[in-house]
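User: Hey, got a minute to walk me through a model? I'd like to start with how the helices pack.
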Amino acid sequence: MRAAVHDRYGEPDVLRIDEVARPVPAADEVLVEVHVATVNRTDCGFRLPRPFIVRFFSGLRRPKYRTLGTEFAGVVVERGAAVASFDIGDRVFGVNERFGANAEFMCVRPDVSIATMPEGRSFAEMAGVADGGILAMTCLNWSGLSAGQRILIYGASGAIGTSAVQLAKQLGAHVTAVCGTASVDMVGSLGPDVVVDYQRTDFTATDDTYDVVLDAVGKSSFRRCRSLVRRGGRYVSTDLGFMWQNVFLSLLTLKFAPKRIQMPIPKYTQDKVETLRSLVESGDFRAVIDRKYPLDQVVDATRYVETQQKQGNVLIEVRAD
């Protein structure tokens, strides 16, 4: 089968398309014929690798995961003897934390983060749902956001940010979405109450305060956003921060602090994917698609993701439909 592989760490050029052995599913796995995958910041972090701590998971000297790609949408073509939850021919989507989606076939455990696709939805529509959706869901769950509360989402145009805007509105929160000029219309179409263009307005220069401030791209800091967080509120970041400050600050503010800092640890579970499936099916959630690239252009797709200018998701069309 064809797959995007890399044998050393480095810039996007280390990726190449190669013929590799088609995987064989274990007793507790299904084999998925991948139709569409994504390139996201997790893939980029493991390829570089960055931060250095990633090497303890990806291999100290060389990559343990030769084929990247966590998000996928495709068709179950084989299943292990112990699998009863999916049938051959099922159209599925989800996240595989063990990577492998940037290939024509991949093995996935069906009891983790995989679900059948809603009727009438395309592989492209579903490929980018799970990762950004689960990460956003994790942040909102940790923050304790509830109906009637106010949240500011910085980086509202990315995969996590676009998901967070929609999920926060589903919770009944008042949502202020912060993004760049080029993304204002797209973000506005997701239903936030307020959209702030940070390239024209300093979003921190306001007397407004929020129950939750979510940095969905890891480009801000608690120090910069502190005045936005009301007493008893929470600053939530998806990134370690400068010199891993968010890790230490989250421990320091765990108890008794008037404003708490959180860096949620995501857990990919089937119930979260099923929740997202239901929201897509009801029309209350969609994955924003920025660009699509064929598998042969995975290097170009990765370069674009690393410009940090993408809106929502960048797709890899593994199989032409």
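User: Which residues in helix 4 and helix 9 meet?

Analyst: Keep in mind that this is a predicted model. From helix 4 you have Ala130, Gly133, Ile134, Met137 and Thr138, and they meet Lys272, Val273, Thr275 and Leu276 in helix 9. By type, the residues of that contact divide into five nonpolar, three polar and one charged.

User: At what angle do helix 4 and helix 9 pack?

Analyst: The angle is about 105 degrees, and the axes are 10 Å apart. That makes helix 4 roughly perpendicular to helix 9.

User: OK, and helix 5? How do the axes of helix 4 and helix 5 cross?

Analyst: Helix 4 covers residues 130-143 and helix 5 covers residues 159-171; their axes come within 8 Å and cross at roughly 55 degrees. So helix 4 is oblique to helix 5. The crossing is right-handed.

User: Which residues make the contact there?

Analyst: On the helix 4 side, Gly132, Gly133, Leu135, Ala136, Met137 and Leu140. Helix 5 brings Ala159, Ile160, Ser163, Ala164, Leu167, Ala168 and Leu171.

User: And how do those divide into nonpolar, polar and charged?

Analyst: Ten are nonpolar, three are polar and no charged residue takes part.

User: Switching topic: helix 10. Is it largely enclosed or not, and why?

Analyst: Largely enclosed by the rest of the structure, because six of its eight residues (298-305) are buried. The buried ones in helix 10 are Val298, Val299, Ala301, Thr302, Tyr304 and Val305.

User: What covers the buried residues of helix 10?

Analyst: The cover includes helix 1 (41-47) plus several strands: strand 1 (2-5), strand 2 (16-19), strand 3 (30-39), strand 14 (289-294) and strand 15 (313-317).

User: Zooming out, how many helices and strands are there in the chain?

Analyst: Ten helices and 15 strands. The chain's radius of gyration is 20 Å, close to the 20 Å that the globule rule gives for 321 residues, so the chain is as compact as a globular protein of that length. Along its principal axes, the C-alpha trace spans about 60 × 45 × 40 Å.

User: What percentage of the residues count as buried?

Analyst: 54% of the 321 residues.

User: Last one: among contacts between residues at least 6 apart in sequence, what share join residues at least 24 apart?

Analyst: For this chain, 68% of those contacts do.

How values were computed: Residues are numbered from 1 along each chain as its sequence is written. This is a predicted model: local features need pLDDT of at least 70, side-chain atom pairs count only at pLDDT 80 or more; totals for chains, interfaces and linings use all residues. Side-chain values use heavy atoms; hydrogens and water are left out. Axes are lines fitted to C-alpha atoms, for helices over the stretch in contact, and angles run from 0 to 180 degrees between N-to-C directions. Helices (H or I, at least four residues) and strands (E, at least two) are DSSP runs, numbered from the N terminus. Angles under 35 degrees count as roughly parallel, over 145 as roughly antiparallel, 65 to 115 as roughly perpendicular and the rest as oblique. A crossing is left-handed if the near helix is turned anticlockwise from the far one by less than a right angle, and right-handed if clockwise. Contact means heavy atoms within 4.5 Å. Ala, Val, Leu, Ile, Met, Phe, Trp, Tyr, Cys and Pro count as nonpolar, Asp, Glu, Lys and Arg as charged, and the others, Gly among them, as polar. Buried means under 20% relative accessible area, exposed over 50%, partly exposed in between (1.4 Å probe, protein chains only). The radius of gyration is taken over C-alpha atoms; the globule rule is 2.2 Å times the number of residues to the power 0.38.
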